[in-house]
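Please open the model in the viewer and keep the sequence alongside. The tour below proceeds by selection, one stop at a time.

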Amino acid sequence: LRLAGRSTDAGDAKAEATSGMRLAGDFLRTQLGAQHPQRMRKVAEFPLLFGGGRDDVRFTAPLPGRVGLGGMWYYRLAVAPAPGKRETALVLERMIPDLDALAVPAFEDAERSVLADDIKEVEFSYFGRDRGAAYDVAPTWRSRWDDTQLLPQLIRIEVTPRLGEPWPPIVVAPREAPEAGCRGWDTVRQTCVGA
């Protein structure tokens, strides 16, 4: 009986972890796929509010209606300490960006949501080509995306929980073209010339 109880508990825990992984993965696919390029209007070259490294990604997308007020929000996704816990979690920070500010916003007073508990690490990678590269140059995977004018073609998220197997990789294609939000798009330099 004790063995059967332990087996049932282990099965329930695995089912719960799988369900949480699936829900978080679906949410991330939806949010990253729905991102809409927003540009800083008073910063030189009108940079996109998008960037990412190996440990985090920052992007703008609509806030789902079931969460609260709609509109475009600025997000940061990373592994961070869970509120009130010692373990780290997959955390999504969000704020309403001031597109007329003189610098890209930081996430100092951002709202935070935990997407998945007990996460050891997350690794982001970005697929695309350098700005100005010829169209016959093949895009590559890289661990950073610093281009302030172009979005990557694909974003890959690899999540490793503290216990258990890594999640299947989540690969998302941003929906919008980078020229969104520009009054004028310089096709030769691939740069926004008016926001």
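Which residue in β3 does R58 stand opposite? Select R58 together with R76: R76 is the residue of β3 that R58 stands opposite. Please note that the model under view is predicted.

**The sheet**

Next, select β2 and β3, which pair in the antiparallel sense over seven bridges. Extend the selection to the open sheet of five strands, whose order is β1-β2-β3-β4-β5, with antiparallel pairing. At the edges stand β1 (51–52) and β5 (111–116); each has a single partner strand, so one side of each is left without a neighbour in the sheet.

**A residue of β4**

Proceed to E93, which lies in strand β4. Is E93 buried or exposed? With a relative accessible area of 11%, E93 falls under the 20% cut-off and is therefore buried. Display its surroundings: leaving aside residues up to four places away in sequence, E93 touches Y74, Y75, R76, F107, A110, E111 and R112. R76, the residue opposite R58, thus reappears among these contacts of E93.

**The nonpolar cores**

Now select F50, L77, L90, I157 and W167, the residues with the most contacts inside the largest nonpolar core, which has 29 residues. At least two residues of this core come from each of α1 (2–33), β2 (56–62), β3 (72–81), β4 (88–95), β6 (119–128), β8 (154–161) and β9 (170–172). Apart from this core lies another, of seven residues, including M40, Y74, M95 and L99.

Return to L90 and show its contacts. Residues up to four places away in sequence not being counted, L90 touches L28, L77, A78, V79, S113, V114, L115, A116, I119, V122, V159 and W167. In soluble globular proteins, nonpolar side chains tend to be buried together.

**The cavity**

Select Q35, H36, P37, L48, L49, F50, T60 and L151, which line the largest cavity. Its volume is about 30 Å³, and the structure holds one cavity of 30 Å³ or more. How many residues of each class does the lining have? Five are nonpolar, three are polar and none is charged. F50, one of the lining residues, is also among those with the most contacts inside the largest core.

**The loop after β9**

Finally, select C182, in the loop between β9 and β10 (184–186). At 17% relative accessibility, C182 counts as buried. Add R39 to the selection: the C-alpha atoms of C182 and R39 are separated by 8.0 Å, although the two residues are 143 residues apart along the chain.

Terms used. Residues are numbered from 1 along each chain as its sequence is written. This is a predicted model: local features need pLDDT of at least 70, side-chain atom pairs count only at pLDDT 80 or more; totals for chains, interfaces and linings use all residues. Side-chain values use heavy atoms; hydrogens and water are left out. A nonpolar core is a set of buried Ala, Val, Leu, Ile, Met, Phe, Trp, Tyr and Cys residues joined through side-chain atoms within 4.5 Å. Buried means under 20% relative accessible area, exposed over 50%, partly exposed in between (1.4 Å probe, protein chains only). Helices (H or I, at least four residues) and strands (E, at least two) are DSSP runs, numbered from the N terminus. Contact means heavy atoms within 4.5 Å. Two strands pair if DSSP finds at least two bridges between them. On a 1 Å grid over the protein atoms alone, a cavity is a set of points where a 1.4 Å probe fits but cannot get out, and a pocket is an open set with protein on both sides within 12 Å along at least five of seven lines; lining residues have an atom within 4 Å of a point. Grid points are joined across faces, edges and corners, and a volume is the space filled by probe spheres set on the points. Ala, Val, Leu, Ile, Met, Phe, Trp, Tyr, Cys and Pro count as nonpolar, Asp, Glu, Lys and Arg as charged, and the others, Gly among them, as polar.
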